[in-house]
Amino acid sequence: IVVYGNWAHVRSDLGDIIGALRLTESAFDVGRAVRPDGRPDHVMAVGYGLRLISLNRLDEAQTQFERALEAARAEGDVDMQILSLLGIANLQRERGELAAAETKLETAARFVDGHFPAVHPARTALRTEQGRLHLAQGAYAAASAKFSQTLGDKPMERARTPYQALELAAWAQAELGLGHHERAASLAADASTVAARFALPGEPSYWVGRALLEQ
């Protein structure tokens, strides 16, 4: 289970989303065979759900997040609870259900305040989702402020995952909405540079493709 799960994470970072899904499904198959209730691991279900969103398979993603949230609550796993809540808000935003996404993020914010210290990755993840929602709502200044909080003055140095390439691309959209064309172009170029860090030479990458489209 661990090997398949880690391998899926690597393939996802390289930009092979479908390959990552298949490897996660292999991990699920093993998990069903060894877990007493036959249910897949809820930690991997969150990552699986995020990859399903990338492929616009939103109903399947919702099932994964809801199962993960139920299991995380049962096991008292606060980290997976917040990631599941943020995943649900993400897919609601992707569906255009902005009011529902905003309500879910308000719930997530209260959960973060009640369970995590002032400096914690959960707060960064929450701000990122808040920024994406502001962007979808056309609140460009608020979106830009959130992305500035998460990536700081030197976003190229702070970007450590391919998801942050998409965050840079979203920040570029916010700056474009504000009419800051040069700033938007610079952030979009940075997104492409960050995405390319994770790609293997000669292999297609989802992250690179998304960043290049934004640029």
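**Surface.** I looked up the exposed area of the chain in this predicted model. The chain exposes about 10,600 Å². I noted that carbon and sulfur atoms supply 53% of that area.

**Burial.** I then checked how much of the chain is covered. Of the 215 residues, 46% are buried.

**Charges.** I counted 23 positive and 27 negative charges in the chain. Their mean positions lie 1 Å apart.

**Elements.** Next I went through the secondary structure. The chain has 12 helices and zero strands. Read from the N terminus, the order is α-α-α-α-α-α-α-α-α-α-α-α. I compared the radius of gyration of the chain, 17 Å, with the 17 Å that the globule rule gives for 215 residues; the two are close, so the chain is as compact as a globular protein of that length.

**Extent and contacts.** I took the spans of the C-alpha trace along its principal axes and got about 55 × 45 × 30 Å. I also looked at contacts with a separation of 6 or more: residues 24 or more positions apart account for 53% of them.

**One residue.** Which residue has a positive phi although it is not a glycine? I found N56, with a phi of about 65°. I placed N56 in the loop between α3, residues 42-54, and α4, residues 58-75. Is N56 buried or exposed? Its relative accessible area is 57%, and exposed means over 50%, so I entered N56 as exposed.

Methods: Residues numbered from 1 in each chain as written. Predicted model: local features only at pLDDT ≥ 70, side-chain atom pairs only at ≥ 80, totals over all residues. Heavy atoms only, no water. Helix = DSSP H or I, 4+ residues; strand = E, 2+ residues; numbered from the N terminus. Rg over C-alpha atoms; globule rule 2.2 N^0.38 Å. Buried < 20%, exposed > 50% of the residue type's maximum accessible area, 1.4 Å probe, protein only. Contact = heavy atoms within 4.5 Å. Areas by Shrake-Rupley, 256 points an atom, 1.4 Å probe, with all protein chains shown as cover. Lys, Arg positive; Asp, Glu negative; His and termini not counted. Charge placed at Lys NZ, Arg CZ, Asp CG, Glu CD.
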